[in-house]
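Okay, thanks for coming, everyone. I'll put the structure up and then walk you through it.

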Amino acid sequence: MDMTHEVFNQPTPLVDYNLFDTHRPLRDALKFNAPALQTTQLHELGATLGSAAMQTHARLANIHTPELHTHDRFGRRIDEVEFHPSYHALMTAAVGAGLHGTPWTGTSASPHVLRAAGFMLFTELEPSILCPISMTYAVTPALRGNAGVHADWGPKLASLWYDPALKPLHDKPGVTMGMGMTEKQGGSDVRANTTQAVRDGSDAWGARYAITGHKWFFSAPMCDAFLILAQAPAGLSCFFLPRVLPDGTRNAIHIQRLKDKLGNKANASSEVEFHGASAWLVGEEGRGIPQILEMGTMTRLDCSLGTSGLMRQALGIALNHTAQRQAFGKPLVEQPLMKNVLADLALESEAATALAIRLARAFDRQADAHENLMARLLTPVAKFWICKRGSHFAQEAMECLGGNGYVEEGGEGILARIYREMPLNSIWEGAGNIMALDLLRGLRKGDAVAALAHELAPARGQQPALDRLADALPARIEAMASETEARRLAQDVALAVQAALLVQTAPAAVADAFCASRLGGDWGQAFGTLGAGTDFDSIIQRAQPR
């Protein structure tokens, strides 16, 4: 058969490379925030996650999506979700890397920063399976509110063994946990929840209740247990709800259906009903809101880390493509307009990485008053701004590939998956308005003006645009009596802290361009509108994934 054409000028995929070793902004952020951190584990993880084998698992887990089986062939209720083997391979890798509950028992100098960096790297490979990983991380410390449950479950929540089977706790080497808060009528307003908890005795795990009601979003329903909210006699309370009861019987958790989502395809998100399900009180009756806020803080950190990882992967794919693809006589990466786009994306990616890792540092130093307050302020700020930038970022990176980026096939098809994934972190655990309002609440928790001034002080005097913004923030914070401008304040606090971090950790080319564009106004309203004086080549070279 005659050949119609020869295939050429098509880039080779970005595969079999080390995600950590080539991520210079992440390595510099770690040196700044955790200088004593040993990174051997991250080097090994980066090599694993960049491999062709793991990329194949990520692809298959998203193509062969979870399937719900409510009953067995004989009509018995089983409420099981079946996953492709690649899902379990990815979960095994994530648990084995300690991305779930291990920081709470970790001996590293900076266990939360170490875990944050690994979580960010794993997101580059496959983000959706990290939902149960993130929830396990968030709920582990909350279990201290029930000494019996914490004693039995705590060690296995930090185990490096993944076991997907529905079995009693004593038969499992390791377990995962989820959360169930949202109901149809309430959404973010969990005070509107109607699920009821009725006292049903007590045992080694303390006060036991029968739970009747529903949850509208119940992600990762195959986790071994969940923390949920329900109305007890004293008000909204937090409860520990296992899938399998201590006697080996299955709890009365009925999975109604799986959500058909825009992205996040490998993860099963469900709607459930509780039919007198057994659960145990965690903390005090009526104190469910404070506990969910504490857990939400940690999952919001993961939203910032996850979007930062997705940005990095999208940027890497765009750089890999444009370095090889020829157009109009030279590689795309050498075309002036493409340089502007790629450099602008690189700035956004590095700033996101810097802010997310800085936030993780605060979780390692909660005994320090300044770090405690910065965690309270930067958590909603980072989640709001980094996640809000994600979808626009992914669209621009996709455009660097043209039609190839829009096709969900092969190595560059990852970009389409990233694009569909990006809105999730902005919505999950509180959308933009919730984050802006949470910032306002945080401003009342301590001397926020002094804390931000202390945070920005090391970078003062080097970038006039940063100095102007830093000078203006105190009056804006003190005058913030209305919610109307809360989003703008969250944006500007994020930009100020990002700029200050880049001044301290990044090359001058990066810090100068970031401050000139994001703070100084030398920028348009889309990526690729940096000023002509930008050192494009230096910024792009720093971001290269190879």
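Before I get to the pieces, one bit of vocabulary: when I say helix or strand, I mean runs assigned by DSSP, at least four residues for a helix and at least two for a strand, numbered from the N terminus. And please keep in mind that this is a predicted model.

With that vocabulary, take residues 179-275, which come out as 0% helix and 55% strand. The end C-alpha atoms of that span sit 18 Å apart. UniProt, in an unreviewed entry, lists those residues as "domain: Acyl-CoA oxidase/dehydrogenase middle".

The same kind of record gives us two other spans. Residues 9-164 are listed by UniProt, again in an unreviewed entry, as "domain: Adaptive response protein AidB N-terminal". In the model that span is 51% helix and 7% strand, and its end C-alpha atoms are 44 Å apart. Then residues 286-442 are listed in UniProt, unreviewed entry, as "domain: Acyl-CoA dehydrogenase/oxidase C-terminal". Here we get 82% helix and 3% strand, with 22 Å between the end C-alpha atoms.

Okay, let's zoom out. Over the whole protein there are 18 helices and 11 strands. What radius of gyration would a compact globule with 546 residues have? Near 24 Å, and the protein has 24 Å, so the two agree. If you want the box, the C-alpha atoms fill roughly 75 × 75 × 40 Å along the principal axes.

Buried residues make up 59% of the 546. As for the outside, the protein exposes about 21,600 Å², and carbon and sulfur atoms supply 53% of that. On the charges, we have 49 positive and 56 negative, and their mean positions are 3 Å apart. And if you take contacts between residues at least 6 apart in sequence, 72% of them join residues at least 24 apart.

Now some details, going back to the N-terminal part. Have a look at helix α6, residues 130-139. How many of the residues of α6 are buried? It's 10 of the 10, so the helix is largely enclosed by the rest of the structure. The buried residues include Leu130, Cys131, Pro132 and Ile133, and also Tyr137 and Val139.

Just past that helix, in the loop between α6 and α7, you'll find Gly145. Gly145 has a relative accessible area of 38%, so we call it partly exposed. Leaving out residues up to four places away in sequence, Gly145 touches Val282 and Gly283. Gln291 is 146 residues from Gly145 in sequence, yet the C-alpha atoms are 9.3 Å apart in space.

Next, backbone angles. Most residues other than glycine have a negative phi. So here are two to look at on the screen. Asn9 has a positive phi of about 60 degrees. Asn9 is in the segment before α1, and it counts as partly exposed at 25% relative accessibility. The other one is Asn264, with phi near 55 degrees. Asn264 is in the loop between β8 and β9. Is Asn264 buried or exposed? Buried, with a relative accessible area of 7%.

Last stop, the helices further along the chain. Leu440 is in helix α13, residues 432-443, and Leu440 is buried at 10% relative accessible area. What does Leu440 touch, not counting residues up to four places away in sequence? Met480, Ser482, Glu483 and Ala486. By contrast, Leu440 and Ala513 are 73 residues apart in sequence and 30 Å apart in space, C-alpha to C-alpha.

Then there's Arg487, in helix α16, residues 486-505. Arg487 is partly exposed, with a relative accessible area of 36%. Setting aside neighbours within four places in sequence, Arg487 is in contact with Phe384, Lys388, Gly432, Asn433 and Ala436. And from Arg487 to Gly296 the numbers are 191 residues in sequence and 19 Å in space, C-alpha to C-alpha.

That's the tour. If you want to turn one part around yourselves, I'd go for α6, with 10 of its 10 residues buried.

Terms used: Residues numbered from 1 in each chain as written. Predicted model: local features only at pLDDT ≥ 70, side-chain atom pairs only at ≥ 80, totals over all residues. Heavy atoms only, no water. Rg over C-alpha atoms; globule rule 2.2 N^0.38 Å. Buried < 20%, exposed > 50% of the residue type's maximum accessible area, 1.4 Å probe, protein only. Contact = heavy atoms within 4.5 Å. Areas by Shrake-Rupley, 256 points an atom, 1.4 Å probe, with all protein chains shown as cover. Lys, Arg positive; Asp, Glu negative; His and termini not counted. Charge placed at Lys NZ, Arg CZ, Asp CG, Glu CD. UniProt positions renumbered as here; feature names shortened; annotations may be inferred.
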